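Biologist: I want to know what stands behind each label in this model. Please show it, and then I will ask.

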Amino acid sequence: MTDTAAAPKKSGGIRDLGKMFGGGQSSLRQFGILGALIVIIVFFQIATGGQTLQPGNVINIVNQNAYVLILAIGMVMVIIAGHIDLSVGSVAAFTGIVVAIAMNRGGVPWWAGVLIGLGIGALVGAWQGLWVAYVGVPAFIVTLAGMLVFRGLNQFIGNATTEPVKDETFLEIGGGYLPDPNLGIDYNVPTLVLGFIAAILVVVLEFRTRARQRKVGAESAPLWVSLVKVVLLAAVLIVAAFLFAGGRVGTSFPIPGIILVVLVIIYAFVTNNTVTGRHIYSVGGNWHAAELSGVKIKRINFFVMMNMSVLAAVAGMVFISRSVSSGPGDGTGWELDAIAAVFIGGAAVSGGIGTVIGSIVGGLVIAVLNNGLQLLGVSSDRVQIIKGLVLLLAVGIDVLSKRSGGRSIMSRFSRPKKVSAADENMTYPLNRPLVEPDGTSAEQSSRPSSTTPNA
Amino acid sequence: MVDAPYILEMRGITKRFPGVIALDDVTLRVREGEIHSICGENGAGKSTLMKVLSGVYGFGTYEGDIVWQGEVARFRDIRQSEAAGIVIIHQELALIPELSIAENIFLGNEPRTPFGSIDWSAVRLRARDLLSRVGLRDDPDTQIKNIGVGKQQLVEIAKALNKNVKLLILDEPTAALNENDSQHLLGLIRDLRDKGVTSIMISHKLNEIEAISNSITIIRDGHTVESLDVKADGVDEDRIIRGMVGRTLENRFPEHDGSGIGEVFFEVRDWTVQHPLTAERLVAKHSNFTVRRGEVVGFAGLMGAGRTELAMSIFGQSYGTVLSGQVFKDGQEIKLPNVSAAIKNGLAYVSEDRKALGLNLLDDIKTSVVSAKLSKIAPGGVVDELREHSIADDYRKELRIKTPTVDEGVGKLSGGNQQKVVLAKWMFTDPDLLILDEPTRGIDVGAKTEIYGIIRKLAESGAGVILISSELPELLGVADRIYTIFEGTITSEILAKDANPETLMKSMTSDKNKKDAA
């Protein structure tokens, strides 16, 4: 027991790096997946002879994946709360066809089309949330039904044909870029300005947080961690800004990317800093305890399901705008991409764990993988095989790393709602359990253990 | 009978969990063909001893010898002990509700046809035979969920008989049964004894133990206190109680003289609660009680008496269905339809099961501490994380939670420190009435003493405290006034200074009023 004091120090460096993602127990996992993303980018950059990080390709990756990443934001909240949503692709397609027809045949202006789309998302979400939260049908079933119903509605309303989207302003949503003032520079100035503002904000926010932490005597990460963090982040932002600004004329940072970034900022804030966000985590982590702490569980479940459908509607609109039409096959398989992104991004199958940022990184892993393999000319059949294995590997490593001295996701999954006996001696690889000086950290209960094997 | 040889001897059994000795040199001798009861308070080590015997804690995880039918047995798991003829029936039945009686009896042990498929005619035939042996006349094809708890108990025994049971271990077999079913079950256990099946029975119902047992072993704090021969030693309930509670009280409770106790501010009248699954079971029956400001009120009762159910049903109806009753606070009737209403009205409930109900083990300490009243530090719905941190840190210092920082996960804390986090979580809600359900279960003596101190401090600050505990010395040492509860009924009310373990145990194990009426 003499080394207990030394142990946390030894692992301090890695843990502090983990704090770059706001601390918490899933941050290390996210750190790992960010590392994986960098490795994948570097690999494809070399393998494709520099094509991966060409401005045109980077813009392409954002454009092609923005809608799935938007879905991943909602999906991670659903999964944190302990549910799943299989209907998002169909809901996106349903929203798309209604908006397209409303604008094309109904002649409604673009902004009314957007409002109609959001309204449909809210209505669909309320419908599914009602079943999940208040009737108590598992989300898997409700959204499986929704997947069929809304796919069918898309084809019923659209007569199973493609409806064109013509409104110029609406087409900007999925296909537009930041304006180009044409100042005679090779780079798109608004994109550069945005990049620099973002970089400055990162620095300012980090040091403001440090100052406030010092003020109340809270623990903050060592200065070098903060410095490394802001320098890295600011550098990435500026490099990215030059990348996006340096594409072919007329292109710059795409509007879908702007929508995505705004949503990420909003939802990262909601999940991390608001009461609602806290409640979502508590419902997924231990709903019994949440209920006994006064959390209105039904309301939270309703909210996450409804929010998901609204975001699915947004994704649907971005997609029809980008593809200039709405068709009967839109959104097929999106739910699986979004779910994969969330799990690669470190969420737990059993709920309670996951972050918006992590899910975005997870989604980018899939996106870069897809893109890189395509650039290398790998056929789509093999791309699918590789994507499947990557998903399995990412979660598999997670499970294995937790098994050696920690709590595995799967053990919680197989015994939901009950704390397993294995948790009694729960330890984490990097942090030793706190042991009281007299050595009595374990405990016994007079109740029969829930894991008693029965005859 | 007295001369029958020992079928089972457990010699010098010691079972350690990290930091805790659950059983210390326990000896149990059971003669062939007798009914042997094991008595002791909750947490005395009865269940642990039975888990050692049945191989749940396999050979090598304990010290001492199990001598089964004259030979040292080394059961590594429950299968091996069952193969030797030792079958344990747990308090929580292990039947599958959706399967039929016959399917449950033969689960994992199905008769096969020569082709390897299940021989259903043999299943039914043998099931009928086994059911007749336990006196159950139901169709073996009936689903388990369609028969009552009493009959389910009988199915468990039929299942044991199918395994050629020689020693039947029953853990609280009558806890969930009504009077008739209990009598039938006890009769059956007697019948089985006459047919040569030895039984070990764990029960809190001392009248049953007295009526049915040939001998009794009393366990206290992981030690064997004594073994009694019911006839030869002239054992009665009082004798058993003395053995169960007769330990010396150490001076580990804070001093209190009742000087700071104020007026009655919280009152519950005619509170009746229905079990959430079994409509005919009432877990609280027309209960009335009061709490004064600055007072610690103890709720004494055995496991399953309905103390937790009573408390949780008041705390925002988080258990069962409330059939009747009113709650008054400061003379006004208050409605508590859900937990958030209860918290708003100044109630707090510290659950007996802190891991399953009290904490989200994925959270860190600071998040847990503020979780029951986030609105206090979240103006406009945005959590002020710095205030959260400093508040949690204040509680860390005040309650002496042993952790380097409040950013640590609660899952990593020891039981005592986890409990302090739960206490902090509820102290943060500024409760007027704090209900503590087994607040010291499973935590070591040092932390216990600290928690007693916290409880007294809360009371001195003017809050009312309800302390639910199975440990009588704890109740006597900390509470000002004690209610005893037996089978959902409040059977007595007594000032702690006038109470002693024997009188409490008596009211906890029988309803005096009911007996007089009958």
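Modeller: Begin on one face of a helix. Ile141(A), Gly152(A) and Phe156(A) are exposed, on the other side of H7(A) from its buried residues. This is a predicted model: local features need pLDDT of at least 70 and side-chain atom pairs count only at pLDDT 80 or more, while totals for chains, interfaces and linings use all residues. Residues are numbered from 1 along each chain as its sequence is written, chains are lettered from A, and ligands are numbered from 1 in the order in which they are written.

Biologist: Which residues of H7(A) are called buried, and why?

Modeller: They are Ala139(A), Val142(A), Thr143(A), Gly146(A), Phe150(A), Arg151(A) and Asn154(A). A residue is buried if 20 or more other C-beta atoms lie within 10 Å of its own, exposed if 12 or fewer, and partly exposed in between; C-beta atoms are placed from the backbone.

Biologist: How do you know that the buried residues of H7(A) are on the same side?

Modeller: Their arc around the axis is only 155°, which puts them on the same side of H7(A). The arc is that of the directions from the helix axis to the C-beta atoms. An α-helix has 3.6 residues a turn, so residues three or four places apart point the same way.

Biologist: What do the buried residues of H7(A) pack against?

Modeller: They pack against H5 (88–104), H6 (110–135) and H14 of chain A. Contact means C-beta atoms, placed from the backbone, within 7 Å.

Biologist: How do you know that the length of H7(A) agrees with a helix?

Modeller: The expected span is 1.5 Å times one less than the number of residues. For the 19 residues of H7(A), 139–157, that gives 27 Å; the end C-alpha atoms are 26 Å apart, which agrees. H9(A), residues 189–216, passes too: its 28 residues should span 40 Å, and its ends are 41 Å apart.

Biologist: What makes a stretch a helix or a strand?

Modeller: Helices are DSSP runs of H or I with at least four residues, strands are runs of E with at least two, and both are numbered from the N terminus. Chain A has 18 helices and two strands.

Biologist: Why are H8(A) and H14(A) called roughly perpendicular?

Modeller: H8 (168–175) and H14 (297–323) of chain A pack at about 105°, with axes 7 Å apart. Angles of 65 to 115 degrees count as roughly perpendicular, under 35 as roughly parallel, over 145 as roughly antiparallel and the rest as oblique. That makes H8(A) roughly perpendicular to H14(A). The axes are lines fitted to C-alpha atoms over the stretch in contact, and angles run from 0 to 180 degrees between N-to-C directions.

Biologist: Which residues make the contact of H8(A) with H14(A)?

Modeller: H8(A) gives Phe170(A), Leu171(A), Ile173(A), Gly174(A) and Gly175(A); H14(A) gives Met317(A), Val318(A), Phe319(A), Ser321(A) and Arg322(A).

Biologist: What makes Ala341(B) partly exposed?

Modeller: Ala341(B) has 16 C-beta neighbours inside 10 Å, so it falls in the partly exposed class. Ala341(B) is in helix H10 (339–344) of chain B. Its C-alpha atom is 6.6 Å from that of Gly316(B), 25 residues apart along the chain.

Biologist: Why is Arg400(B) also called partly exposed?

Modeller: Its count is 14 C-beta neighbours inside 10 Å. Arg400(B) is in the loop between H13 (385–398) and H14 (415–427) of chain B. Its phi is near 55°, positive in a residue other than glycine.

Conventions: Two residues are in contact if their C-beta atoms, placed from the backbone, lie within 7 Å.
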